[in-house]
Amino acid sequence: MLHWIWEIIILVFLLMPLAVTLIYSFAGRWIHILPEGFTLEYYAEILTDSKFISGILRGLFISIIPVALTLVSVLTALYAVIVYFPKAEKLVQLFCLLPTTINGIILATSILGTYSGSGTVLSNRIVMLVCVYCVFIMPMTYQSVRNSLYAVNTKGLLEAAEMLGYRKFFSYVRVVIPSILPGLCNAALVCMSGLFGDFAIIKIIASSQFETAQSYLYRNRAVDAQALSAAVVILLLITLAINLTVHMNQRRGKERGKS
């Protein structure tokens with residue numbers, strides 16, 4: 001009984017801010033204990049705001065590009081290490097997990113101080129932000145890709161494909177990658193969800209030059225609280241959709257494994 005009571009208390013504590021934000025975004029007026037009226041005015045207002053929509057698109061763009069670059073790089077490196085250079089796996093693991101010891105804000109500040117004003121392509125704030133995000137998500141990407149490659153027995157798949165007459169590159173593209181595709185999708189979506197909700201790193205590096213939805217909320221935090229509540233609910237729904245997609249992919253992968 002005490003166990004269930006404690007879980008209910010924690011659940012209420014965690015969900016209360018979300019529930020209040022959701023109710024407040026639909027409330028026509030809330031000056032007493034209970035809200036008065038129901039309206040979709042604030043959702044219509046925020047969804048017709050071109051700056052907010054552009055912020056969402058920018059957030060998705062700046063999340064997808066680093067995820068794609070990191071996933072391709074880590075997958076290629078781990079495939080080469082597992083198949084051809086197994087002794088070098090510890091070294092690759094060290095480099096990929098090293099960013100876990102560095103705080104994201106410290107990393108962003110250091111890179112900004114090093115490359116800002118250098119006159120090279122790395123002085124571009126967008127390029128700088130993409131590079132920081134690539135480093136930031138590398139540990140999670142490495143662990144997911146490594147688990148996926150070992151789970152399908154990559155060497156065994158390649159040997160079977162070569163016995164059937166497939167070349168190594170063809171086996172990599174048509175056999176190995178489709179076999180680990182659910183794991184790659186899960187890693188990409190989890191990393192994308194984390195980057196989409198980032199505010200601190202992008203505020204330090206890009207500031208107002210690349211305004212995402214989170215930057216938009218911060219800039220307009222004192223304008224209209226109910227409209228901002230609607231914007232927060234929309235961003236939470238986007239993040240929830242990404243997380244649900246990850247959960248469904250994991251569930252399908254487990255069902256395939258059982259079958």
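Reader: I am beginning with Phe 26; how should I read its accessibility, as buried, partly exposed or exposed?

Author: At 23% relative accessibility, Phe 26 counts as partly exposed, where buried means under 20% relative accessible area, exposed means over 50%, and partly exposed lies in between, with a 1.4 Å probe and protein chains only. This is a predicted model, in which local features need pLDDT of at least 70 and side-chain atom pairs count only at pLDDT 80 or more, while totals for chains, interfaces and linings use all residues. Residues are numbered from 1 along each chain as its sequence is written, and side-chain values use heavy atoms, with hydrogens and water left out.

Reader: How many aromatic pairs are there?

Author: Rings of Phe, Tyr and Trp (its six-membered ring) pair if their centres lie within 6.5 Å, with planes under 30 degrees apart counted as stacked, over 60 as edge-to-face and the rest as tilted. By this rule there are six aromatic pairs. In one of them, Phe 26 and Phe 38 are stacked, at 5.4 Å centre to centre and with 10° between the planes. Phe 26 belongs to helix 1 (residues 2–26) and Phe 38 to strand 2 (residues 36–38), twelve residues apart; here helices (H or I, at least four residues) and strands (E, at least two) are DSSP runs, numbered from the N terminus. Phe 38 is exposed, at 63% relative accessibility.

Another pair, Phe 52 with Tyr 216, is tilted, at 5.6 Å centre to centre with 55° between the planes. Phe 52 is in helix 3 (residues 50–83) and Tyr 216 in helix 10 (residues 213–219), so this pair ties together parts 164 residues apart in sequence. Both Phe 52 and Tyr 216 are buried. Ring pairs also link Tyr 79, Tyr 84, Phe 85 and Tyr 172 into a cluster.

Reader: Which side chains meet in a salt bridge?

Author: Side chains of opposite charge can pair when their charged atoms come close. The rule asks for a side-chain nitrogen of Lys or Arg within 4 Å of a carboxyl oxygen of Asp or Glu, and the count comes to one salt bridge. It joins Arg 146 and Glu 89, at 2.9 Å from N to O. Arg 146 sits in helix 6 (residues 125–151) and Glu 89 in helix 4 (residues 89–97), 57 residues apart. Arg 146 is partly exposed, with a relative accessible area of 24%, whereas Glu 89 is buried, at 12%.

Reader: At what angle do helix 4 and helix 6 pack?

Author: Two packed helices are described by the angle between their axes and the distance between the axes. Axes are lines fitted to C-alpha atoms, for helices over the stretch in contact, and angles run from 0 to 180 degrees between N-to-C directions. Helix 4 and helix 6 pack at about 145°, with their axes 8 Å apart. Residues in this contact (heavy atoms within 4.5 Å) include Glu 89 and Phe 95 of helix 4 and Tyr 142 and Arg 146 of helix 6.

Reader: Which residues touch the most other members of the largest nonpolar core?

Author: A nonpolar core is a set of buried Ala, Val, Leu, Ile, Met, Phe, Trp, Tyr and Cys residues joined through side-chain atoms within 4.5 Å. In the largest, of 43 residues, Val 145 and Leu 149 touch the most other members. Not counting residues up to four places away in sequence, Val 145 touches Leu 71, Val 74, Leu 75, Leu 78 and Leu 184. A second, separate core of 16 residues includes Phe 196 and Leu 217.
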